[in-house]
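Let's take a look at how some pieces of this protein fit together. Here is the model to keep in view while you read.

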Amino acid sequence: MSNAQIPTLLANLFTESRIVFWNDADQEFSAELVSLVPDGVSLIMLDDEPKLQLKQKLEIQDLSGKYLLYSPQAEPLPEDDWLLNIRLYSRIFRADAVSVQLDELGLLNLAMREHLKRRAKFLRNKDRLEKLKRLTAAQDDETTMDRKMLAVITRADQPEPFTILYRMMSAMIVDGRVQMEAQPKVLDEIIALELEVPFWAMVYEQFGYQSQTPSLRDLVYHLLVTDFALARQGSFPSALQSFVLQEGNRLPQITVFCDRWRRDLAHFASYDAISEAVADGLKVGGHLNALDHLNLLEVQTFSDVEKRLLVGLRDVIQGGDAAALVHVQAIAAKRRDGHWANTVLASQNPVIKAFGACYDAIEAAAKFSSLAAQYAHGFSYPTVEAMFQAYQKELFRFDQCYRHFMLANDVVELNGWLFLQSLKEWIGERYSWYMAQLSSTWGSFIAGDAHENTLLQNWTIPDVRSQQHFFQNYVQPIVDAGARNRAYVLISDALRFEVAQELYERSVSTNRFKASLDGVLGVLPSYTTLGMAALLPHKRLDYRSTANAEVFVDGKPSASLEQRSAILEDHDGIAIKADALVAMGKEAGREFVKPYKVVYLYHDQIDATGDKQSTESETFSACEKAINEIEGVIRYIINTLGGSIVLITADHGFLYQEEKLDEADKSALTEKPDGTLKAKKRYLIGQDLGESPKAWAGNTAVTAGTTDSLDFWVPKGANRFHFTGGARFVHGGAMLQEIVVPVLTVRATEHEKSKIRPVEITLLGSVRKVVTNRQKFEFIQTEAITDKVLPRTVLVSLRDTDGDKLISNEASLTFDSNSNLMDERKKTVMLTILAGSYDKNKDYALVIRDALTKAEVDRVDFRIDLAFSNDF
């Protein structure tokens, strides 16, 4: 500080106080002292004045004068300061650089002067000093100040060891690549500013890591391998043992550090990259092959662990042990709550997305295998209605699980992983078995000799509505219920029952919606022209003897959107594409539907994709898109247009198999019969077709109620006619997947009984004391998941009740069981407590928070007494 600045600074202090103390320990300004005193201020040399007389003068004799009390000595300790009471209400002036910094930082501990001198290189930079000022507190000591300086250098949000280290780890990644051998620039800066010793001292204090030549590379090797060792059960690879840190009281810190690093949205990407680099460097994957995958259930350290677990689960499924399948699904659910298959992170990391898809595939395969085990001897039903209802209640899940597996496997293969290939083949073989068994049993009701009155002779099923009566059974009652009711009908081409069932499950998870799902008997042949016509209001359906076998509705053509709209005009209705209505927005959309009582919306995602040979392999992906799009349309109708009820249905379903079809799956018709008007893989329609031993023959007067009817042939079972074109996606035949047409009814309601709520959970056990650093907690889902009781993911942690400070790792648990067995609704979590001092007579809290809303679900008081375990 220059002499020219001092008078001004002193004058400013005297505007705040009439007494100012100045201790000039280095006597830098003693020679020019007199010239530095502001006008109107009396200078008193403290060392020359008796302290008692000075006190009397300042506090009794002269209460208005301004005095500068100067001493060429350091400030006395409080217990030695005769003028302490005056000093406390006066102002202090310091002119040396360190004193100015001490003052600027607001530090009251004068012993910090020497420490600040040692940190002169750091403090010399004004930007660093300004950032440090925002972090400092009056009572900071040397260790605390050094950590705050490290926080400034590393750009950490808080001067907390873990946060500083997370920033350091991120610095190891340059241009998207982990630089394990190179020293990060931030560490070079720490060394240059002479903070290397306190940095490594902090690391040792936290984790017990020390080395003659410490490095970040060596540190992360030790931290991750130790985290692996602490979480695994059973044996541990001897080749990795040298990297396991041994200081027992610091080991919990490592578990919590790694867990938080993985879960931190700001830093998890650096964890993923560095853990992969460490795994590659130590060849972790090779060491895991010798370990039992069940001993790795608690390990989250390396993605190679996830791969080992998935291979183990795959082998369990293919091993055919039905009793083990329940455990497979439980393990898959547990790993989804971990890091490498985390649904929240999947959108930001393709590897995590692929792992999540792996578990989706594993879970779908396990469910499929469990179903197959139930029907190991095939299907047997006394009546056609019993089998039709069985498909709606359970058998559809074969198709749904198969779709879920194939859809998930596509994501896995897109990532370049082929380890599910054998399971894909395994599922494919069993799906072919299912189709053969279903075809055989259902075929006996279609046209088999075992039943006198077959479906082809009388296309009706007791207690099952028919598709051609859709308008009168579902739409007309809505219109008749009152003038304010408007019927919205969304027809999604090829939306088969199992896809609609998934849409139903999603619909009931929305708080304002309630839903019901029916299955109606579709028309035959199950193709678009006839199915779409059957869904329109009509008194009769007719075929005209044209080359394209057009269907007329009450004498009007019905193929195009405009033609369907003309038919609906007679019922105060209109037809429009679903995306066109949604694109109108709120005001234009409401104005558009205002004149109508019936609005038919047409949606085409599945059929548009599957019915082309070039895109049929994307059929299952199209099903997922269709569900999402239809959900959006439903929300638009109810939330934006103010609709109260939406009907979702389809013209027909479909068959799809990923596997290449064998010749046995094809009905070899070398020539089309005379009179054929239209020929596809799953049907022929025409006039006077006659009979064929290779097909089931029928007439649309029976199967669709047409007056001017046509004959048709459909392949037996799930076969395809041997014509050119795509063969995996087909429809038109009489299989249940094609003719069980869904009718999903979604309603908006505020009724209390329809309220949706998350499932309730509770902590098991009566003991409320933690006695080890790693403590297991068991929870139970108090009820099964239903349409109105939804799954819930919670975050579980131990916290200090003072300030709600986290004192353990935070674990995720998902409760989504629909089982009525209590044992199947239990879940456990292991929490690791941070090293530290805990008052055994104080209450701490086990806190359960909703993962989505972060709202507190429950809080249970616990005592922590680690004295016994720490002794050992």
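## Ground rules

Angles under 35 degrees count as roughly parallel, over 145 as roughly antiparallel, 65 to 115 as roughly perpendicular, and the rest as oblique. This is a predicted model, where local features need pLDDT of at least 70, side-chain atom pairs count only at pLDDT 80 or more, and totals for chains, interfaces and linings use all residues. Residues are numbered from 1 along each chain as its sequence is written, and side-chain values use heavy atoms, with hydrogens and water left out.

## Two crossing helices

Start with helix H9 (residues 142–154) and helix H11 (residues 185–192); helices here are DSSP runs of H or I with at least four residues, and strands are E runs of at least two, numbered from the N terminus. The axes of H9 and H11 come within 10 Å and cross at roughly 140 degrees. Axes are lines fitted to C-alpha atoms, for helices over the stretch in contact, and angles run from 0 to 180 degrees between N-to-C directions. H9 and H11 are therefore oblique to each other.

Who touches whom? On the H9 side we find Leu150, Ile153 and Thr154, and they meet Val186, Glu189 and Ile190 of H11. Contact means heavy atoms within 4.5 Å.

## A small sheet

Further along, 3 strands form an open sheet in the order E9-E10-E11, with antiparallel pairing. Strands pair if DSSP finds at least two bridges between them. The edges are E9 (541–543) and E11 (556–557), each pairing on one side only. Helix H24 (residues 528–535) packs on the sheet and touches E9 and E10.
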